[in-house]
Amino acid sequence: MSTSPPPHPQTTAARRLNAGRDLWRALSGRVARLVARAHQTWRRSLQVRVVTITLVASSLLVGGFAYLIADKITTILLDNARTDVQLRVKGGAGYAAKQVSLYGQPQEAQLQETIEGTVNYLAGGDPQQTSGVVVAITAADYPTMIQTRTAPAVNVQPLISKELRAAVASGKVASQIQTGRLTGETTKYLVYGSPVPTRFGQIELYYLVPLTRQDATAADARATVVATGIALVVLLGLLAALVTRLVVNPVRVAARTAQRLSAGLLDQRMVVNGEDDLALLAASFNQMATNLQRQILRLEEMSRLQRRFTSDVSHELRTPLTTVRMAADLIFAERDEFDPAVARSAELLQAELDRFEELLTDLLEISRFDAGFAMLDAEPTDLVPVVHRVVDRLAGLAERVGVEIELDLPTTPVIAEVDPRRVERVLRNLVGNAVEHGEARPVLITLGIDDTAVAITVRDHGVGLKVGEEKLVFNRFWRADPSRARQTGGTGLGLSISLEDARLHGGWLEAWGAPGQGAQFRLTLPARAGDRLTTSPLRLVPADAALPFGGPRDGGPLAIGPGAGGALAISPAPTGDGQRAEVRS
């Protein structure tokens, strides 16, 4: 039969150490959770803060008053006890002096009996015989001739200190408070000593008065004061909670009503009770909600009419535009047979008709977005050929204005679930604007991909954007320089439509720009349709952007553009470690 070896001492110690660590982690984690929960409750509840502050302040105030009152009561009781004992000591010293005044020498035989009789008389003269008062007569100058006498017979030497003996021996009336055991229980005594003059010298008379009754009275007073203080603090806490609840409840109701209003439930109102300030608040809130509801409904109706008007006008203009287009095409085809002025007019007519038709197409697309009828036809698409098609279509314009288009594309296919028609339209708008504002400098198109997203940046080195213009580039019909001669005859709706296309994909379209440094637009789309974006594979702020404060760690130009869900994305220039900070609201 085999037996297992005993566990190694180091293994047992290690197990105990690990168990102790696990227990400490569990306790610290629980404490941390409790602290976090209390902190959260403190931050979120106005009632908790008011009640807590009231309780703490009232506790400190009541505690201070209770301490002062209890101390005053104790002082009064002790002073009364001192006064009573002083009278006893004074009378007892006079009586003892008369009794021993007949003796001229300390060794006389009758002196000891006289002292004993005096002590018994002074102790028996106490009207409260059971009060525990002890009377003692000693002779510090004649310790061998005159023995210490006490009534009742107890040992009082431990309660009479050397300092008190010395003070009384020097002819002074002195007192001390001492704690000791004379008749059973440990008791606090008020010890008074007085010198008694005689014909042969001096003896000392001591009164030891127990302070039991005074301590009990003081304890009762302290208990009464503490109980009263606690009751007062609790009452103040309840009163603060009640008053705070009366004030906070309407505010909470107003907050919940405001949340419902913000969620679209415009018929929500607060209940008005009474005629006080809170009722006035509720009535004012209801009036505000009514006005907001009326105004929102009015704006919604105006917006609906505006969208319908835009859509109707765009559709109605299709028919006359088709007729005018047929006539213009006929005139344009025969322009060589006309006078030069008429031929030039035919060319201008053809160009403006192209622009007018493009404007109508953009207006129809905007009306679809406004009405919520735009649909996304997502399919797996290789974005590299899309970029090449956009560059090929704009090659003529780039050659005409002297702008070289540079490509930084991966050598492998970049597949994403997107609507190729909409992505191509976004890129066509971005590259067209970059070529238009490139100031005959190269335009760089970069394509990047990671596990969750694809991104395309279009960088130009033109005049850039002034401070504040980054917020306006996606507005409809906005132009950075209205006096600038356009090469492409755009409609002013390209970036607005591009922004809506990016939102329809669940992506971001963001802009960066700085005066004299050009601009960069970044389109970020999820690699799989329906996914939520968190980061982008490419930087929004270009790496060659100059920093305005003299160093890479001083910040840089801000990039402001619509982010996820249409919110503004604000991105400072890259920091010294090559990263960038981006804030989305």
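Q: What makes arginine 245 the centre of a kink in H5?
A: The bend at a residue is the angle between axes fitted to the seven residues ending there and the seven starting there. In H5 that gives a kink of about 30°, centred on arginine 245. Helices here are DSSP runs (H or I, at least four residues) and strands are runs of E (at least two), numbered from the N terminus. A word on the source: this is a predicted model, in which local features need pLDDT of at least 70, side-chain atom pairs count only at pLDDT 80 or more, and totals for chains, interfaces and linings use all residues. Residues are numbered from 1 along each chain as its sequence is written, and side-chain values use heavy atoms, leaving out hydrogens and water.

Q: How do you know that the span of helix H5 agrees with its 51 residues?
A: The expected span is 1.5 Å times one less than the number of residues. For residues 212-262 this comes to 75 Å, and the end C-alpha atoms are 72 Å apart, so the two agree. Just after H5, glycine 264 has a positive phi of about 105°.

Q: Why is glutamate 439 called partly exposed?
A: Buried means under 20% relative accessible area, exposed means over 50%, and partly exposed is in between (1.4 Å probe, protein chains only). Glutamate 439 has 38%, so it counts as partly exposed. This residue sits in the loop between H10 and S9, and its phi is near 55°, a positive value in a residue other than glycine. In that loop too is alanine 440, with a positive phi near 60°.

Q: What makes a set of residues a nonpolar core, and which have the most contacts inside the largest one?
A: Such a core is a set of buried Ala, Val, Leu, Ile, Met, Phe, Trp, Tyr and Cys residues joined through side-chain atoms within 4.5 Å. The largest has 40 residues, and Val431, Phe474 and Phe521 have the most contacts inside it. Helix H10 (residues 420-436) gives the most to this core, with seven residues.

Q: What makes S7 and S11 edge strands?
A: Two strands pair if DSSP finds at least two bridges between them. The open sheet has five strands in the order S7-S9-S10-S12-S11, with mixed pairing. Strand S7 (405-408) and strand S11 (508-514) each pair on one side only, and these are the edge strands. S7 is joined to the parallel strand S9 (residues 443-449) by four bridges.
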